[in-house]
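Please open the model in your viewer and keep a selection panel at hand. The stops below are meant to be followed in order.

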Amino acid sequence: MTSPSETWKENTSGRERVRMVVDTLDDPATVNSIAEQADVAWETADSEIERLKVENKVREREDGLFEPNPVQQFLDQILQLIEDHSKTELETQLEDYQAQIEELEAEYEASSATEMRERLTSDDVSATEMREIRSVSDTWGALELEIRLLKNALQLYDDLARLSQSNGETPITV
């Protein structure tokens with residue numbers, strides 16, 4: 001029977017595996033670490049990371065570690081939203097997320113995820129309450145990020161639709 005790592009190696013090139021590892025990094029990593037995770041030679045990882053740097057998909061920090069470029073990831077997410085959803089779908093999702101935020105505000109009498117997190121420092125909070133606060137603030141933070149993405153996608157939607165039509169590409173569904 002073929003192991004998952006053997007299947008991964010059979011179905012993807014070394015360069016693809018490097019890109020996949022870089023895209024999923026939780027923490028900055030060295031070329032050696034990326035090469036090891038991607039199961040490729042150091043030279044393969046290094047040359048692919050250099051290519052990703054040129055494409056602005058990865059950035060090298062001052063300490064020599066590499067991480068996905070957060071600005072590029074943010075823009076890619078916005079473009080993906082625009083490509084995958086109609087303007088109406090984006091508006092509906094924005095309304096849903098905003099309603100969820102408003103429910104959290106009412107239920108927890110807080111105005112932001114940051115305000116919720118600040119409650120962790122209170123002296124009278126039990127471990128169970130701390131877990132709930134962290135969970136709620138993580139959910140809240142994720143909703144806030146999604147709302148920012150959706151608002152940016154909606155602001156760019158019409159412009160990108162016009163640009164894609166003027167370039168002779170298939171227009172974005174509006």
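Is aspartate 46 buried, partly exposed or exposed? Select aspartate 46, in helix H4 (residues 42-54), where helices are DSSP runs of H or I with at least four residues, numbered from the N terminus. Aspartate 46 has a relative accessible area of 22% and is therefore partly exposed, given that buried means under 20%, exposed over 50% and partly exposed in between, with a 1.4 Å probe and protein chains only. Before going on, note that this is a predicted model, in which local features need pLDDT of at least 70 and side-chain atom pairs count only at pLDDT 80 or more, while totals for chains, interfaces and linings use all residues. Residues are numbered from 1 along each chain as its sequence is written, and side-chain values use heavy atoms, with hydrogens and water left out.

With aspartate 46 still selected, add isoleucine 101: the two are 55 residues apart in sequence, and their C-alpha atoms lie 43 Å apart in space.

Next, select glutamate 48, which also has its place in helix H4. Glutamate 48 counts as buried because its relative accessible area is 0%. Leaving aside residues up to four places away in sequence, glutamate 48 touches Arg15, Val18 and Arg19, contact meaning heavy atoms within 4.5 Å.

Now display the largest nonpolar core, a set of buried Ala, Val, Leu, Ile, Met, Phe, Trp, Tyr and Cys residues joined through side-chain atoms within 4.5 Å. This core has 23 residues, of which Leu90, Met116 and Trp140 touch the most other members. At least two residues each are supplied by H5, helix H6 (87-108), helix H7 (113-118) and helix H8 (127-166), and the largest share, ten residues, comes from H8. Apart from this core lies another, of 15 residues, including Val18, Val21, Ala29 and Ile34.

Return to methionine 116, whose contacts, not counting residues up to four places away in sequence, are Tyr108, Ala110, Ile133, Val136, Ser137 and Trp140.

For the last stop, select Arg19, Asp23, Leu52, Glu55, Lys57, Pro68, Asn69, Gln72, Gln73 and Asp76, which line the largest pocket. Helix H2 (14-23) and helix H5 (70-84) are the elements that give two or more residues to this lining, and H5 provides the largest share, three residues.

Key: On a 1 Å grid over the protein atoms alone, a cavity is a set of points where a 1.4 Å probe fits but cannot get out, and a pocket is an open set with protein on both sides within 12 Å along at least five of seven lines; lining residues have an atom within 4 Å of a point.
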